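This report examines a single protein chain, beginning with its nonpolar interior and proceeding to its overall form and to selected local features.

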Amino acid sequence: MSPFESIARRERGLLQQLTAAQMTMIAIGGAIGTGLFMGSAFAIGFAGPSVLISYAIGALIGLLLMGCLAEMTVAHPTSGSFGAYAEHYLSPLAGFVVRYAYWAAVVLAVGMEVTAVGKYMKYWFPEVEQWVWVALFSVILAAVNATSVKAFGQMEYVFSMVKVVAIVAFILIGAYVVFGSRPEGVGFSNYTADRGFFPNGWWGTWVGVIVAIFSYLSLESIAIAAGEAQNPRQAVTSAFKTTVLRLVLFYLLSLALMLAIVPWSHASTDKSPFVKVMEIVGIPGAASVLNFVVLVASLSAMNAQLYVTSRMMFSLSRGGYAPAALGKVNSRGVPMGAIAISCLGMAVAMVLNVLKPEESLTLMMSISMFGAMFAWFMVFVTHLFFRRRWQREHPGERLQFRMWGFPVLTLLGAVLMLAVIITTYFTDVFHMTTLIGVPMLLVMTAVYLIWYRKR
């Protein structure tokens with residue numbers, strides 16, 4: 001038995017029903033949501049046209065992260081994923097903090113996505129309160145996750161396919177408008193028309209990276225889903241290789257065309273910039289259709305995020321770091337207790353939508369970011385220890401998937417992520433991210449040292 005096998009063995013009980021295609025769509029589903037369709041407006045506000053550089057830097061970090069995760073996941077496919085790796089290769093404290101920080105972050109991200117759903121529904125039903133839609137769609141997607149992992153995978157595949165088709169169509173339409181019909185006011189001259197390509201300087205471009213990272217969050221969900229994949233090693237390798245390339249193309253191409261059609265200063269936060277493009281282009285009904293697409297995008301991201309949070313809580317429970325009831329699975333292999341407690345973000349979103357409907361989306365985004373970004377940073381740190389220990393414990397044995405450029409590129413990813421986390425403190429919009437996140441880490445460390453260390 002390998003030293004890691006004891007962790008993998010305690011997390012058994014989930015059914016392996018996800019295909020490689022579904023796993024790819026799970027990652028795309030989680031990463032193409034509010035971060036692209038609504039969050040891009042915030043990023044454009046910070047960086048202007050240079051948001052393209054912001055998203056390119058975010059893509060580089062995401063690519064490095066996926067390489068590190070792929071290497072560890074192919075070696076150890078389990079639902080605890082990077083939390084379990086941190087526990088084994090760093091320390092039980094690290095595994096405890098990483099898993100709880102990530103769980104809390106993505107639970108709140110679920111609430112942020114459903115908050116965005118409420119905003120999108122107001123496009124058609126402006127007289128209905130946002131919290132009504134938040135409550136309705138929360139119940140529906142919680143029911144889907146409670147059915148079976150197979151049902152979740154099938155729905156996520158359909159959701160994500162709608163988004164992929166829509167983004168490809170948007171890129172084709174945008175390309176025709178920019179390069180073909182060329183109406184007045186449309187063109188790459190918009191990149192420099194209003195205070196140049198860097199209207200807020202390099203600092204604005206770097207702040208835009210924060211939103212870009214938030215947009216790419218959920219790439220790591222492939223690693224978590226590996227514990228329920230039919231052929232984990234093959235499925236993970238295939239999914240990792242295709243996901244990043246698709247996301248980079250979708251994000252950068254769609255943003256490049258959007259900025260050529262809509263002046264960056266006109267990017268609106270009350271509706272998706274993508275919808276704004278369709279309104280400007282003037283295709284009958286296109287704005288309404290695209291609003292439906294961004295609605296599906298948020299539902300898809302919410303569905304994927306609810307899945308990964310429930311599995312992370314399942315892992316915590318099986319490790320003895322949460323009540324045992326949260327680690328139990330029913331006859332369909334579904335951890336019902338873990339799903340139920342992971343719905344807390346929806347409840348928080350509903351309260352915020354009642355109390356502060358106009359500020360709820362920004363609040364949920366800023367609060368939810370820290371734990372997920374901290375988890376990304378810890379993936380790089382864990383990979384440094386993983387590779388060295390693997391080489392020591394398995395002399396002459398070659399890893400099935402290897403991260404390129406080790407250790408330089410792993411260190412580069414860690415430094416960039418740490419810089420992004422520190423930057424949040426020096427921005428007005430995301431100042432709360434660090435103010436809430438750092439004390440949260442200290443509290444979790446104290447809880448572990450007082451309550452769990454002797455165990």
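The largest nonpolar core holds 135 residues, of which Met23, Tyr55, Phe82, Ile213, Trp376 and Met417 touch the most other members. A nonpolar core is here a set of buried Ala, Val, Leu, Ile, Met, Phe, Trp, Tyr and Cys residues joined through side-chain atoms within 4.5 Å. Helix α12 (residues 232–261) supplies the largest share of this core, 15 residues. Apart from it lies another core of 20 residues, including Trp133, Leu141, Val296 and Leu299. Burial is defined by relative accessible area: under 20% is buried, over 50% is exposed, and values in between are partly exposed (1.4 Å probe, protein chains only).

The model is predicted: local features need pLDDT of at least 70 and side-chain atom pairs count only at pLDDT 80 or more, whereas totals for chains, interfaces and linings use all residues. Residues are numbered from 1 along each chain as its sequence is written, and side-chain values use heavy atoms, with hydrogens and water left out.

The chain contains 19 helices and 0 strands; these elements are DSSP runs numbered from the N terminus, helices being H or I of at least four residues and strands E of at least two. With a radius of gyration of 21 Å, close to the 23 Å that the globule rule gives for 455 residues, the chain is as compact as a globular protein of that length. That radius is taken over C-alpha atoms, and the rule is 2.2 Å times the number of residues to the power 0.38. The C-alpha trace spans about 70 × 45 × 40 Å along its principal axes.

Buried residues make up 60% of the 455 in the chain. Among contacts with a separation of 6 or more, 82% come from residues 24 or more positions apart, a contact being heavy atoms within 4.5 Å. The accessible surface is about 17,000 Å², and carbon and sulfur atoms account for 67% of this area; the Shrake-Rupley method with a 1.4 Å probe was used, and for residues only the protein chains shown count as cover.

Helix α6 (residues 81–89) has 9 of its 9 residues buried, so it is largely enclosed by the rest of the structure. Among these buried residues are Phe82, Glu87 and His88.

Three individual positions illustrate differing environments.

| Residue | Location | Relative accessible area |
|---|---|---|
| Leu399 | loop between α17 (360–393) and α18 (408–425) | 6%, buried |
| Val132 | helix α8 (residues 130–147) | 32%, partly exposed |
| Arg195 | loop between α9 (149–181) and α10 (201–216) | 53%, exposed |

Leaving aside neighbours within four places in sequence, Leu399 is in contact with Glu71, Ala75, Phe386, Arg387 and Trp390. The C-alpha atoms of Leu399 and Arg387 are 9.5 Å apart, with their positions 12 residues apart in sequence. The loop between α17 and α18 also includes Pro407, which is joined to Phe406 by a cis peptide bond with omega of about 0°.

Arg195 has a positive phi of about 65°, although it is not a glycine. For Val132, the C-alpha atom is separated by 7.8 Å from that of Gly118, 14 residues apart along the chain.
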